[in-house]
Amino acid sequence: MRTISKKLLSTAAILSLAACGGSGADAGAVESAGSSSSGERGEVRSISAKDKRKGAEAHPQLLQEFGGAYTGPQSAYVVRIGQDIAVQSGLGDARSDFTVTLLNSPVNNAFAIPGGYVYLTRQLMALMNDEAEMAGVLGHEVGHVAALHGEKRQKAARRNSILGVLGQIGSAVLLGDSALGKLGQEVFGTGSQLLTLRYSRKQEYEADDLGIRYLASAGYAPDALATMLESLAAQSAIDARVAGRDARSVPEWASTHPNPVQRVSRAARNAGKLGVSGGKRNREAFLRNLDGVLYGDDPKQGVIEGNSFLHPDLKLKFTVPNGFGMQNGTRAVTISGSAGQGQFTTGPYNGNMATYISSAFKALSGKGQDIAYGDIQRTTINGLPASYATGRVNNRNGQVDVTIFAYEFSKSSAFHFATLAQAGRTSVFTPMYDSVKRLTTREAAAIKPRKIDVVTVRSGDTIDSLSRKMAYSDYQKDRFLVLNRMRSTDNLRAGQKVKIVTY
């Protein structure tokens with residue numbers, strides 16, 4: 001969540017822009033958008049002028065949605081490898097036909113859109129252990145574009161009235177849309193949490209096959225995509241445990257990729273069928289380029305520490321109940337759990353809380369819709385003037401309570417939660433509402449960015465000793481093992497390169 005208040009832009013608008021080719025963002029995986037560049041069975045054509053125009057229109061908005069381009073020295077490396085693997089698709093004749101971007105996002109994500117635009121987040125890059133894994137993920141995303149999967153998914157989205165962002169949630173609830181109105185699903189969308197249709201199993205397998213083919217043709221080990229998927233699933237399990245959720249939940253990048261376990265084994269088998277022995281991994285070069293990359297949240301946009309969100313510039317903090325997870329986006333913090341959904345965000349404030357709450361409800365209800373809400377109640381939370389109101393709406397799954405709980409931080413600055421819960425169960429969020437408070441200057445100054453530190457194993461180092469250097473107070477060993485794709489029974493050897501997360 002950025003320090004500068006911005007009007008909530010509809011990711012749905014970005015979706016329609018990019019989909020004039022399609023965009024499936026995860027913000028759960030913008031995932032690739034459709035393209036007219038190729039057919040499903042290899043009849044590849046060059047990137048059309050129409051696709052280039054649409055991609056160029058969507059690109060700046062996607063950058064804004066995903067935290068902007070990462071400016072570290074890793075960017076040039078990602079661009080080079082991304083272009084190398086993208087040209088294997090045949091969508092473009094030259095590396096310059098592809099615009100590859102490393103995004104400053106703490107979400108494990110990668111995607112591509114028509115026009116030759118390919119994206120990878122720094123967080124997903126940090127989870128990788130060699131260059132081949134990075135090429136495999138990027139090749140998979142380009143494969144979705146090459147096979148027109150996004151275009152087909154957009155047609156399905158239009159048939160099912162899928163809307164993707166907070167600004168459209170209310171109308172979906174009021175209209176009774178079963179996909180967005182159903183509690184227990186991640187119905188709120190930010191730059192990092194857009195609800196999209198899943199790719200079909202056939203489409204997933206096809207993109208895997210294309211990604212593996214691109215790896216082999218570029219000289220990489222074709223099983224790299226399988227090992228990356230394995231790491232991603234393991235990271236998801238840790239994230240779920242930290243948030244008190246089911247450890248079997250699906251990781252961000254895989255949220256639109258069904259059957260991840262089956263895909264790991266299938267990708268490994270198909271890589272073997274290519275008959276390619278070996279293939280480059282380029283682990284040393286990858287780790288050398290990865291060293292120092294920002295890891296986790298950028299403090300400029302606030303950080304998530306366990307169940308708490310802290311923003312050093314805004315000097316605020318709140319905590320979600322056990323069983324709820326958070327996703328920090330550029331415009332809002334998304335809160336999700338089986339008992340409800342929510343966002344913490346902001347809007348224009350002129351000192352009139354009634355007007356502020358009314359505007360928040362209008363943003364939820366969508367164009368041409370209204371949510372009738374009760375009297376605005378006033379209270380004080382940890383010294384902050386606060387106001388709240390609740391409305392009840394019907395959908396196909398029953399009644400839903402919609403609550404706006406707002407806090408005045410100054411006469412020109414306010415923030416609020418927008419939450420959905422089953423009727424009569426809004427109290428599940430009461431501890432969260434009551435947790436909002438100001439940070440002291442000292443507390444804000446203590447919030448530091450984390451980064452990847454590539455270290456050389458010395459004689460006597462063990463997994464346990466290196467794990468204790470991880471900049472976390474919980475799951476240190478688990479995080480170390482997943483980050484380095486290791487098992488607890490593995491032995492380290494002197495001179496080996498490993499990743500740790502430090503401040």
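Start by selecting residues 308-311 and 316-319: these are strands β8 and β9, which run antiparallel and are joined by four bridges. Keep in mind that you are looking at a predicted model.

**The β8-β9 hairpin and its sheet**

Pick Leu-310 and look across to β9, where Lys-317 stands opposite. Then pick Ser-308, whose opposite number in β9 is Thr-319. Now click on Lys-315: the hairpin has four residues between its strands, and Lys-315 takes a positive phi near 55 degrees there.

Stay on β9 and show the side chains. In a regular strand they alternate between the two faces of the sheet. Which residues of β9 point to one face and are buried? Those are Leu-316 and Phe-318, while Lys-317 and Thr-319 point to the other face and are not buried.

Zoom out a little and you'll see an open sheet of four strands with antiparallel pairing, in the order β7-β8-β9-β17. Its edge strands are β7 (303-305) and β17 (437-438), each pairing on one side only. For the β17 end, select Lys-437, which stands opposite Lys-317; two bridges join β9 to β17, and these strands run antiparallel.

**Rings**

Next, colour the Phe and Tyr side chains. Phe-318, which you just met in β9, belongs to one aromatic cluster along with Phe-309, Phe-324, Phe-344, Tyr-388, Phe-405, Tyr-407, Phe-409, Phe-415, Phe-417, Phe-429 and Tyr-433. Across the structure there are 18 aromatic pairs.

For a close-up, take Tyr-388 and Phe-405. Their ring centres are 4.8 Å apart and their planes are at 5 degrees, so this pair counts as stacked. Tyr-388 sits in strand β14 (residues 384-395) and Phe-405 in strand β15 (residues 398-410), with their positions 17 residues apart in the chain. Buried or partly exposed: which is Phe-405? Phe-405 is buried, at 6% relative accessibility, whereas Tyr-388 is partly exposed at 28%.

Two rings have a charge for company. Select Tyr-220 and Lys-280: the charged end of Lys-280 sits over the ring, 4.5 Å from its centre. Then select Tyr-472 and Arg-450, where the charged end of the arginine sits over the ring at 4.1 Å from its centre.

**The β6-β18-β19 sheet**

Arg-450 is a handy way into the next stop, since strand β18 covers residues 450-456. β18 pairs with β19 in the antiparallel sense over six bridges. To see one partnership, select Asp-453 and its bridge partner in β19, Ile-500.

Add β6 and you have an open sheet of three strands, ordered β6-β18-β19, again with antiparallel pairing. β6 (294-295) and β19 (497-502) are at the edges with a single partner strand each, so one side of each has no neighbour in the sheet.

Now bring in the helices. Helix α12 (residues 283-290) lies across β18 and β19, and runs at about 20 degrees to β19. Helix α17 (residues 476-483) packs on the sheet too, touching β6, β18 and β19, with its direction at about 135 degrees to that of β19.

**Salt bridges around α17**

Side chains of opposite charge can pair when their charged atoms come close. The model has 15 salt bridges, and several are worth a stop here.

Select Asp-478 and Arg-241: their closest N and O atoms are 3.2 Å apart. Asp-478 is in helix α17 and Arg-241 in helix α10 (residues 224-243), so this salt bridge ties together parts 237 residues apart in sequence. Asp-478 is partly exposed at 31% relative accessibility, and Arg-241 is also partly exposed, at 31%.

Move to Arg-479, which meets Asp-474 in a salt bridge at 2.9 Å, N to O. Arg-479 is buried, with a relative accessible area of 11%; Asp-474 counts as partly exposed at 25%.

For the last stop, select Arg-485 and Asp-130, a salt bridge at 3.8 Å. How many residues apart are they in the chain? The answer is 355: Arg-485 is in the loop between α17 and β19, and Asp-130 is in the loop between α4 (122-127) and α5 (131-146). Arg-485 is partly exposed at 32%, while Asp-130 is buried at 4%. Finish by adding Glu-133, Asp-223 and Arg-281 to the selection, and you have the network of salt bridges that links them with Asp-130 and Arg-485.

Terms used
Residues are numbered from 1 along each chain as its sequence is written. This is a predicted model: local features need pLDDT of at least 70, side-chain atom pairs count only at pLDDT 80 or more; totals for chains, interfaces and linings use all residues. Side-chain values use heavy atoms; hydrogens and water are left out. Two strands pair if DSSP finds at least two bridges between them. Contact means heavy atoms within 4.5 Å. Axes are lines fitted to C-alpha atoms, for helices over the stretch in contact, and angles run from 0 to 180 degrees between N-to-C directions. Rings of Phe, Tyr and Trp (its six-membered ring) pair if their centres lie within 6.5 Å; planes under 30 degrees apart count as stacked, over 60 as edge-to-face and the rest as tilted. Buried means under 20% relative accessible area, exposed over 50%, partly exposed in between (1.4 Å probe, protein chains only). A charge sits over a ring if NZ of Lys or CZ of Arg is within 6 Å of the ring centre and within 35 degrees of the ring normal. A salt bridge is a side-chain nitrogen of Lys or Arg within 4 Å of a carboxyl oxygen of Asp or Glu.
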